[in-house]
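Visitor: Could you take me through one part of this protein up close? I'd like to see how a single strand sits among its neighbours, and then how that piece belongs to the rest.

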Amino acid sequence: MKLRFIEPGNPPYRPSVENLFVYDKYIRTPSTGLITLATIAAGNGDDDVLMYSESISKIIWEDVLDADMVFISIFTFSADRGYYLADRIRQNSKAVVVMGGLHATLCPREAAAHCHYVLSGEGDETVLQLIDCIRKGKTPDFEGLCLFSGKEFIDRGRACLPKNIETIPDNSLCYNFKKMAGHNTMWPQVHASRGCPHNCDYCALVAAFGRKVRTRSPENVVDNIESAIDFFDKGHHRLTRLLWITDDNFFADRQWAMAVLIEIINRGIKYSFTVQARYEVGFDDEMLELLKKAGFDELAMGIEFLEDEAFRLNGKKSSYEEILRSVKNIQKHNIRVRGLFIVGADNHTEGVGKRLAEFVIHNNISGVLIQSMYFIPGTAAYESHKDRLIKGDWSRCIGKVVHYPEKISPYCLQKEIITASRIIYSPKRLISAIIKKRGVERILFMGEYFWQQSVRRELKKELPYLKKISREAGYEE
Ligand code: SF4
């Protein structure tokens, strides 16, 4: 059978001078999740399997419309684009169209209106079950399947957690990936474990995939790291030799995380790594020493907020004092801290952007990602804010303001994000980074400087609209 996998973009990738050397505003590395499913599907060797990621290439429509099955995976920000692609394929081909991914899992009814089947939850096993049914002409009926039968919505719930999560994604199944891997804006990625034991109110991941932490064997993870490095580096001259471990909470299983680091060290892999971390890792000196030794020069910390009230309001176990202590101790081990921040909590007022920027500069945070809160059905944050969402499509969920905050207007909040970005990525700080920073750190800051300019341009374009709806909603100017 001819099987095609599509990762919708937002909007589709267009090569330009702007994105050759800097972080393009839309360029993303194709997600390991969908490549993993394509790899599993290709496992029996008889089917013709190919994936398109609109983050790196256009779709070749003659090819896709001729497929027997098309799998489309959607995140929230790419949901509308995914629905457009699914509708187009259904109207113009005989392919069985299947949707899955984080957003389809949380909004299966919405997704099912655009496709024949939704695979809800992790699809490592159900993808094969569905292909087998279609191949044999049988009616699929198993856990993890959702569909509309006429007007009736049939929901067989989430798939059982897969027993085997050791598949090493075959990046060569993704069209154009090898060529695009030469861009310094793209990094090799490896997803080593799944699940997180915490339960932050806004976290779509835990709402979709649960709190049970599941790990791959350290040997399997490091095999994957070696193959990802090989894929990116062979035949390319890359300035940034950096690999991103994309786990949401790599340190949830401490013994396992240490075993992975020891395996990296034992195999003599010389590379830079980055991984997301909660603040607790900053109190674990043994772990920090191993991280440094293994090549982790940076941790991306989900700092999120700077006020204890915001942590409390959003069900996040954390405090300002602990964050600060953790950052300092990580830096003491000569590891940089990148900050992931959220604005728009119900306690946030004007000045939140400036306060954030001052914190970043004062505490020598190496770079930032600042996002306004967003709310996905299925999360506690959605339930408590669903009457205060700005009407619009899902594609605005890329860090823009998408709700009516309690103490600040949507217009002012978006301006706060712009202010924070402008202060952190000022020309003065760029010059200082060029003079004082070295190696990957310098290249990253320069790339981020230009990337943040394009982010701010996007945010600014919406200000007149946000001003209008803020006025209409009765916020004071
Ligand atoms: S710690 Fe991170 S991954 Fe875990 S629930 Fe909170 S936001 Fe989600």
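Guide: Here is a walk around one strand, followed by the wider setting. Keep in mind that this is a predicted model.

Let's start with strand S14, residues 336–343. Is it covered or not? Mostly covered: seven of its eight residues are buried. S14 has a parallel partner in strand S13 (residues 296–304), and five bridges hold that pairing. If you want a spot to click on, Met301 stands opposite Gly339 in S14. Strand S15 (residues 368–372) also pairs with S14, again in the parallel sense and over five bridges. There, the bridge partner of Phe341 is Ile370 in S15. To get from S14 to S15 the chain passes through helix H15 (residues 352–362), and the resulting β-α-β crossover is right-handed. As a reminder when you look at the side chains, those in a regular strand alternate between the two faces of the sheet.

Now for another sheet to set beside that one. Seven strands form an open sheet in the order S2-S1-S3-S4-S5-S6-S7, with mixed pairing. Strand S2 (48–53) and strand S7 (152–155) are at its edges with a single partner strand each, so one side of each has no neighbour in the sheet. On average, neighbouring strands here are turned by 20° against each other, direction ignored. Inside this sheet, strand S1 (residues 2–7) and strand S3 (residues 69–73) run parallel and are joined by four bridges; Leu3 has Met69 in S3 as its bridge partner. Helix H7 (residues 126–136) lies across S1, S3, strand S4 (96–100) and strand S5 (117–119), and runs at about 155° to S5.

Further along the chain there's helix H19 (residues 439–461), whose 23 residues reach 34 Å from first C-alpha to last, close to the 33 Å expected at 1.5 Å a residue. Its buried residues are Leu444, Glu448, Tyr449, Trp451, Gln452 and Val455. Helix H17 (410–424) and helix H18 (427–436) are among the elements that cover them.

Zooming out, the protein comes to 20 helices and 15 strands. Its radius of gyration is 22 Å, close to the 23 Å that the globule rule gives for 477 residues, so the protein is as compact as a globular protein of that length. The C-alpha trace spans about 65 × 60 × 45 Å along its principal axes. Buried residues make up 48% of the 477, and among contacts with a separation of 6 or more, 75% come from residues 24 or more positions apart.

Key: Residues are numbered from 1 along each chain as its sequence is written. This is a predicted model: local features need pLDDT of at least 70, side-chain atom pairs count only at pLDDT 80 or more; totals for chains, interfaces and linings use all residues. Helices (H or I, at least four residues) and strands (E, at least two) are DSSP runs, numbered from the N terminus. The expected span of a helix is 1.5 Å times one less than its number of residues. A residue is buried if 20 or more other C-beta atoms lie within 10 Å of its own, exposed if 12 or fewer, and partly exposed in between; C-beta atoms are placed from the backbone. Two residues are in contact if their C-beta atoms, placed from the backbone, lie within 7 Å. The radius of gyration is taken over C-alpha atoms; the globule rule is 2.2 Å times the number of residues to the power 0.38. Two strands pair if DSSP finds at least two bridges between them. Axes are lines fitted to C-alpha atoms, for helices over the stretch in contact, and angles run from 0 to 180 degrees between N-to-C directions. A crossover is right-handed if, with the strands pointing away from the viewer, the path from the first strand over the helix to the second runs clockwise.
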